[in-house]
Amino acid sequence: LRARATVGGIERDVYGQIANLDTRHTGLELDFVYQISEKWKLQGLFSWGDWIYDSYIEDMPLFDDITNEEVASISFDTRGVHVGDAAQTQVGGSLRYEPIQNLYFESRTLNFSRHYARFQPGATSDFEGNTIDSWKIPPYTLTDFHAGYRFKFASLDDLVFNVRFNVLNVFDVVYITDA
């Protein structure tokens, strides 16, 4: 933990080591592939997680960044605060078409939701001591398009060439991935 703190009326850079910060990760994931026909393939995925911190940290020492002296302490409650930096729910699918051998076209869509920001330990409680959850990033859906062709030359038996074309975020969605 790195922060600014007022110690004895002077603002200082301080740091602290968060130890024994427990988390609970539970969830369910499902993915499938269905071969509709010889030329069409459908893929899907579903991922739901419930990842939360589960610790009360009391009197964690804070040290002056220059002198390394202990100058203060901080207590904070993370119980029930969601783990950030990854979407806890994802739902998506793709449809792939192969009109001839080694040529494919694929459209892929993926929705990200229940995505929380990383938290600052001092910001997990309000003035009355109630736990405050991490900020929930707005959900978003991305669609990508992929095409490719795989081939080799008769004179180069061991070499396989792939030509690929990708358009990521086809609909130019503006989204937040880190907070």
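Three short exercises on a predicted model follow, each with a worked solution.

**Exercise 1. The open sheet**

Task: State the strand order of the open sheet of four strands, and find its edge strands.

Solution:
- The order is β1-β2-β5-β6, with antiparallel pairing.
- β1 (2–7) and β6 (70–77) each pair on one side only, which makes them the edge strands.
- From one strand to the next, the twist averages 40 degrees.
- Now take β1 and its partner β2 (residues 10–15): the two run antiparallel and are joined by six bridges.
- R4 has D13 in β2 as its bridge partner.

**Exercise 2. The setting of A87**

Task: Decide whether A87 is buried or exposed, then list its contacts beyond four places in sequence.

Solution:
- A87 lies in strand β7, which covers residues 87–97.
- Its relative accessible area is 8%. Buried means under 20%, so A87 is buried.
- Neighbours within four places are set aside; A87 then contacts W51, F112, S113, R114 and H115.
- A179 is 92 residues away along the chain, and its C-alpha atom is 12 Å from that of A87.

**Exercise 3. Aromatic rings**

Task: Classify the ring pair of F153 and F161.

Solution:
- The ring centres of F153 and F161 are 5.4 Å apart, and the planes meet at 65 degrees.
- Planes over 60 degrees apart count as edge-to-face, so this pair is edge-to-face.
- F153 is partly exposed, at 44% relative accessible area. F161 is also partly exposed, at 29%.
- Ring pairs link F153 and F161 with Y149 and F151 into a cluster.
- The count of aromatic pairs comes to nine.
- Elsewhere, R96 lies over the face of Y104, 3.9 Å from the ring centre.

Notes
Residues numbered from 1 in each chain as written. Predicted model: local features only at pLDDT ≥ 70, side-chain atom pairs only at ≥ 80, totals over all residues. Heavy atoms only, no water. Buried < 20%, exposed > 50% of the residue type's maximum accessible area, 1.4 Å probe, protein only. Contact = heavy atoms within 4.5 Å. Pairing = 2+ DSSP bridges. Axes fitted to C-alpha atoms, helices over the stretch in contact; angles between N-to-C directions. Phe/Tyr/Trp six-rings, centres within 6.5 Å; stacked < 30°, edge-to-face > 60°. Lys NZ or Arg CZ within 6 Å of the ring centre and 35° of its normal.
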